[in-house]
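These are my notebook entries on one protein model, written in the order in which I looked things up. I began with a single side chain and then moved outward to the fold and the core.

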Amino acid sequence: MTDPLQIMIQLLQTLIPLTLGTILFSSTLMSPKRWLIAIALFIGISAPFIYSLFDEEVHPTIGANIGLGLSLLFVWVCSGMLVLLALIRIYFKIKQQKN
């Protein structure tokens with residue numbers, strides 16, 4: 001079995017950047033339902049990681065768990081893309097306000 005402390009560390013190192021990216025991205029949206037969009041993004045992006053993390057806990061395998069690593073990488077890439085899109089939107093908004 002995997003150590004519970006290790007599981008918590010994996011959760012934190014994945015979900016904190018995703019939370020920050022989701023909040024930053026949703027703050028650039030002007031839709032009145034922006035928090036609904038943010039929650040849907042958060043759940044949609046984090047679902048594969050959380051499933052593979054708890055699936056590993058229930059069905060431990062011998063050797064490396066490739067699915068867990070790939071889902072961790074997926075969440076990190078999506079978090080980075082959300083932050084990048086938010087920064088681009090903020091840049092264009094500031095540029096538009098100066099003109």
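Is L70 buried or exposed? I looked up its relative accessible area and found 54%, so L70 is exposed, where exposed stands for over 50%, buried for under 20% and partly exposed for what falls in between, with a 1.4 Å probe and protein chains only.

Before going further I noted that this is a predicted model, in which local features need pLDDT of at least 70 and side-chain atom pairs count only at pLDDT 80 or more, while totals for chains, interfaces and linings use all residues. I also noted that residues are numbered from 1 along each chain as its sequence is written, and that side-chain values use heavy atoms, with hydrogens and water left out.

Entry on the fold. I found three helices and zero strands in the protein, helices being DSSP runs of H or I with at least four residues and strands runs of E with at least two, numbered from the N terminus. I then looked at contacts (heavy atoms within 4.5 Å), and of those with a separation of 6 or more, 72% come from residues 24 or more positions apart.

Entry on the surface. L70 lies in helix 3, and I see that I66, L70, L73, V77 and M81 make a nonpolar surface patch of about 500 Å². Such a patch joins nonpolar side chains (Val, Leu, Ile, Met, Phe, Trp, Tyr) within 5 Å, taken from residues with over 30% relative accessible area and no salt bridge, that is, no side-chain nitrogen of Lys or Arg within 4 Å of a carboxyl oxygen of Asp or Glu. L85 is also found in helix 3, and I recorded L85 as partly exposed because its relative accessibility is 44%. The C-alpha atoms of L85 and F25 are separated by 7.1 Å, although the two residues are 60 apart along the chain.

Entry on the interior. I found that 27% of the 99 residues are buried. The largest nonpolar core (buried Ala, Val, Leu, Ile, Met, Phe, Trp, Tyr and Cys residues joined through side-chain atoms within 4.5 Å) has 14 residues, of which L11, L18, I45, F49 and L53 touch the most other members. Helix 1 (4-27), helix 2 (34-58) and helix 3 (66-98) each give two or more residues to this core. Leaving aside residues up to four places away in sequence, I listed I16, F49, I50 and L53 as touched by L11.

Entry on S26. This residue is found in helix 1 and counts as buried because its relative accessibility is 1%. With residues up to four places away in sequence not counted, S26 touches R34, W35 and A38.

Notes: Patch = residues over 30% accessible without salt bridge, like charges linked within 9 Å, V, L, I, M, F, W, Y side chains within 5 Å. Areas by Shrake-Rupley, 256 points an atom, 1.4 Å probe, with all protein chains shown as cover.
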